[in-house]
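Below are notes on the model, set out as numbered points. They begin with one ion pair and move on from there.

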Amino acid sequence: MNSAAARAEGVTKVYGWGDTRVTALDEISVAFAKGEFTAVMGPSGSGKSTLMHCMAGLDSVTEGSVFIGDQDLSTLSDRRLTKLRRERIGFIFQAFNLVPTLSASENITLPLDLAGTKVDQSWFDSVVETLGVADRLKHRPSELSGGQQQRVAAARAMVSRPELIFADEPSGNLDSKASADLLDFLRSAVKDHAQTIVMVTHDANAAGYSDRIVFLADGRVVDSMEDPNPERILDRLKSLEY
Amino acid sequence: MLRVSLKGVWAHKVRLVLTALAIILGVGLISGVYVYTDTIGKAFDGIFADAYAGIDIAIGTESDFSFGEGTYLDEADFALIDEVPGVEEAFPVLQGMGVSVLDSEGEVLGSGPGPPTFVASLSPAESDGVSGFTIAEGAFPVGSGQVALDRGIADLGGFQIGDRVTVISDVVGRLDLTLAGIATFGEDNTLGGTTWVFFDLPTTQSVLQRPGLLSGGAVQVTPGAQIDEVIAGIRAKLPDHATVVSGQDAAEAEAADIQSALSFFTIFLSVFGWVALFVGSFLIYNTFRIVVSQRTRELALLRALGAGARQIRGIVLLEALTIGFIGAVLGVGFGVMIAFGLQLILPAAGIDIPTTTLSIKPRTVIVGLAAGTVITFVSALIPARRASKVSVMAALREDAPDPARGGFLRRALVGGAILVLGLAALFFGLFGDTGSGPSPVVYVGVGVGVIFLAVFALSPLAAGPVTNLLGTILERFTGTSGRLARRNAMRSPRRTAATAAAVTISITLVALASTLTGSIRGTIDEVLADDVVADVIVLPEGQFGDPTGAFAPEIADRVRGSDLVADITRVWVGWAILTSETPTTETVTETLITGMEPNLAEFLPPDAFEGSLDPGPGQVVMEASIAESGNLELGDSVVIEFEQAGEFPYTLVGIAEGPAWAGIIAIPSTDWISAAGIDQHAQVYAKAVEGVTADELKAAVEPLLADSPNVTVQTFEDLQSEAEAQLNGVLNFILALLALAVVIGMLGVTNTMALAVFERTREIGLLRAVGLDRRTTRRMVRAEASIVSVFGALMGIGLGIFFGWALIRALEDQGFTVFAIPWLPSSLSVAGVLGSLLFWLFATGILGILFAVYPAWRAARLKVVEAISHL
Ligand SMILES: Nc1ncnc2c1ncn2[C@@H]1O[C@H](COP(=O)(O)OP(=O)(O)O)[C@@H](O)[C@H]1O
Ligand SMILES: [Mg+2]
């Protein structure tokens, strides 16, 4: 891979002032390669979610720059940033991924509808088919199980063919079967469609689906690992006193 | 517990402000009206106390008539007073109305709505203060060529002593006079903004055409005389219809008359304040409902920690009481400011109402505080009950579901049953025979209230489908934001319905006012367009204000003098009391009675008639619905009582049908003149000769009446547009008063949207994350507000049309024959547009957007990251 899909350069993120001041990210520099499935791991409070939010343009950084492709996010107005998010980035959160008033299929096409772009029907069909939610499209989120909800969220992240998908502990609330289904899908998206995915997780099994792992601690990158498997990950976590 | 409540109040300041605002506005209007009318009342108390200060005993007359000119005493009877022991001197007074003073341009001075003009006798024989007025400059008027004016009108006209002054009398016409004196009322230029024209007694009698008659007078007793004994002595000398009271009693009675006239205004104006509070109660109810459901987890936690159901209820109610009380206190303060503002503004606008220092009675404060506090408290009762039913389990569950909703069918059945009851009460009140039970107004009022309740019970059922439909239309134009708005509006039909309800009440009243004006306009158009064949009509200026306004007979003679006039008919109008007796019923009504000439029916052709429309002496004709309501048939006899002449038997010889005759009861003009004792016309109709248009006739007649600015010459088109202008004036006035209720209804929308945005923080964050930009976020919130408002307006317009229809049908007898739904503007004037129902439908849509600007701004300003991590 010649260039990064997204990178952070010397990013610092500080919350609060005075006594309540917290440095969530501390001059972090990291790059996520195109077509790669990267997992971000680290202890609770290490800044994983913050990194995710800053990289995705959901939050501003205190210092440093974030690039999506060659685009420096700090130069963008809120409108351009919103446009960039809906056209180039997909999201899967840990929970509350879906708009309760919209049906599953309306939730999936939401970014496209907001952008005013036409839905590519065959791509839509194949995504919902692969994720096994084709027969749930007319349902409201409240009528779906947790696993189904997360798969609908994954379908939404995929359907606009974004350059990059950010997932913040997407399987955190799921049982092991549902979790495996979702991760299998993400894995195959990377393999079959060269999708770039960045996923936060604290679960060694989940991280095992990735191509590369970045370890965070106290807002800094402390280590990384190529082609991981669960045993090596657990060893490494132990050595990081996790 | 108090701490929890107060913290709850303080933690949500927007909610606090909006809820309190609804109370402040409503209470402010009510207490403002009280303070202002009390202040005017107090001013008049002072004025009358001054007026009667120098009078020991006041002589007056009483009358069976509520609207008449009053009765008179003979000079000869009055002279007997001098013989009564203890009477030092008795001063006769004649007072009346029906004159106007012209300015140097020949126009009526100080015309237009406002305090009236009086004519009264004033003579040097009177010592200071007998009528309250004294000559401050110049001399008392003597003889038929001299006049005195109050200083207010003299200053307005720029008159100096010795100037020529022209006065027009409704009875004797134009009088060219010399200004002999300028009178003042104590320290004041005049009495409460009224205009006074003074002559000596004989001249006053001839101007009013009441020779040898008096209105009453004033008596001074010899020092040491017992007033009660003197009163009894005078009483014995005078006829029964004379009144003899002490000056002090007379002052109090006059002040009480003014107070009761004012109390009509107090009630009329404060009704709008109560309506505003009623609308506000929906806002409050809905706010507490939403807040309770948002705080389910917090309340459940309190329950888990050991708070009892009663304590939870107490927390919510205490919060309501606090907000209600704060709002009520500020509202009373606001009311005082309103009254103060009116005192400043009205005189500046030329409306001269006497005032004094603001009168803030305990009643005003008590009613204001109680109204605000009680209404907030009552509105929070149901939400508080719901709060107390929150289960402890709700604290432990992630997503507390909306408590189960009542079944569709149950709601439909209960709502339907209430509706039937309300309709029954309404129709019974309007069309039924209420007999000796409560008055029809009570049935109508209860019916309207119950119908409102039924509609609000049923409206959640309609909220889903209707907002869906409105949203679908909106979605066409706005795409995704419209769809999201539509779904949001549909997600809680009860909340949407309750929010819309506040809009509904105010729009119902607006639509009712519009429908009534539209229908009255239709009736007027029908009468003027089809049924009158005259080309022009001569009327007193301001005929619409005073149905018995009149002018001297010379006017008709001059109109007849035009070559272009083919024929005229003259109309006399005055008050009479009509008694019609059948074996079973007796109907007594004070009504207008018309004096007519034989050719009246040529000018006002009836659609159909029975008998003859040319009554002879002792014969009366009337319109069909009047005859019907008195159970009268041709040949029946009625008794007509005239204020001056007393009772006379009449026979019904003609019954006319059709709008041109609406409200007319007519006797021959000769009967009318002899009964009234004066000859003055209320209207003169004229037909043009062949080939001359109405406008040409008007142009020919106007110069003949150029020196009589107290009359106007109008074509029927003029009349129509004048009627239109009058109607629009009334509509504008009512709409101005309803504006407050509309604003409070819309504030309810603001409040619901603000709470909804807070509740949906996470969801909005999610939408923002997946690509909803700020502008579209704002649009989504505003669109939802608009949908909810239009839903409310639709229900309001429906109810308004229905109530309007029922009312017009009930008033059909009174000549309101047309029912019209004013969907479109009647004209491109402000009032024309404001009277149109479609305008209000669009306007509420726009208002919804405007009143959601703040919540929409809040929604768009949410930080995405904070929103998605919010719970
Ligand atoms: N909105 C915020 N305000 C203040 N501190 C925050 C905020 N969000 C996160 N933090 C702090 O920043 C640090 C990193 O948080 P986060 O990125 O959520 O960690 P992780 O996702 O790795 O558990 C934590 O110490 C957290 O308390
Ligand atoms: Mg996290």
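1. A:K83 and A:E87 form a salt bridge, with 3.6 Å between the closest N and O atoms. This is a predicted model, and the distance of 3.6 Å is a computed value. Both residues belong to helix α2 of chain A, which covers residues 78-88. A:K83 and A:E87 are four residues apart there, about one turn of the helix. A:K83 is partly exposed because its relative accessibility is 40%. A:E87 is also partly exposed, at a relative accessible area of 37%.

2. A second pair in chain A is the salt bridge of A:R187 with A:D211, where the closest N and O atoms are 3.0 Å apart. This pair links distant parts of the chain, 24 residues apart. A:R187 sits in helix α6 (residues 176-193) of chain A, and A:D211 in the loop between α7 (204-207) and β9 (212-217). Is each partner buried or partly exposed? A:R187 has a relative accessible area of 24% and is therefore partly exposed. A:D211 has 17% relative accessibility, so A:D211 counts as buried; the cut-off for buried is under 20%.

3. In chain B, the side chains of B:R558 and B:D707 meet in a salt bridge, at 2.7 Å from N to O. B:R558 lies in helix α17 (residues 554-560) of chain B, while B:D707 lies in the loop between α21 (694-701) and β24 (711-715), so the salt bridge ties together parts that are 149 residues apart in sequence. B:R558 is partly exposed, with a relative accessible area of 23%. B:D707 counts as partly exposed as well, at 32% relative accessibility.

4. Some salt bridges share partners, and these join A:E106, A:D113, B:E475, B:R483, B:R486 and B:R487 into one network. Over all chains, the structure holds 31 salt bridges.

5. Another acidic residue to check is A:D59, placed in the loop between α1 and β4 (63-68) of chain A. A:D59 counts as buried because its relative accessibility is 16%. The side chain of A:D59 makes a polar contact with the side chain of A:K13, at 3.5 Å.

6. Which residues surround ligand 1? They are A:Y15, A:V22, A:A24, A:P43, A:S44, A:G45, A:S46, A:G47, A:K48, A:S49 and A:T50. By class, this shell has four nonpolar, six polar and one charged residues. The largest contribution to the shell comes from α1(A), with three residues.

7. Three atom pairs describe how oxygen atoms of ligand 1 are placed against the protein. A backbone N or O atom of A:K48 is 2.9 Å from an oxygen atom of ligand 1. For A:S49, a polar side-chain atom lies 2.8 Å from an oxygen atom of the ligand. For A:T50, a polar side-chain atom lies 2.4 Å from an oxygen atom of the ligand. Ligand 1 taken alone exposes 560 Å², of which the protein buries 61%. The elements giving two or more residues to the shell around ligand 1 are β2 (22-33) and α1 (48-55) of chain A.

8. On the surface of chain B, B:V374, B:V378, B:L381 and B:I382 form a nonpolar patch, with about 340 Å² of accessible area together. The elements that give two or more residues to the patch are α10 (362-379) and α11 (381-388) of chain B. B:V374 itself is in helix α10 of chain B. At 48% relative accessibility, B:V374 counts as partly exposed.

9. As for chain B as a whole, its secondary structure comes to 28 helices and 24 strands. The C-alpha atoms of chain B fill a box of roughly 95 × 70 × 60 Å, taken along the principal axes. Of the 871 residues in chain B, 52% are buried.

Methods: Residues numbered from 1 in each chain as written. Chains lettered and ligands numbered in written order. Predicted model: local features only at pLDDT ≥ 70, side-chain atom pairs only at ≥ 80, totals over all residues. Heavy atoms only, no water. Patch = residues over 30% accessible without salt bridge, like charges linked within 9 Å, V, L, I, M, F, W, Y side chains within 5 Å. Areas by Shrake-Rupley, 256 points an atom, 1.4 Å probe, with all protein chains shown as cover. Salt bridge = Lys/Arg side-chain N within 4 Å of Asp/Glu carboxyl O. Buried < 20%, exposed > 50% of the residue type's maximum accessible area, 1.4 Å probe, protein only. Near = heavy atom within 4 Å. Polar contact = N/O pair within 3.5 Å; in protein donor to acceptor, adjacent residues only side chain to side chain. Nonpolar A, V, L, I, M, F, W, Y, C, P; charged D, E, K, R; others polar.
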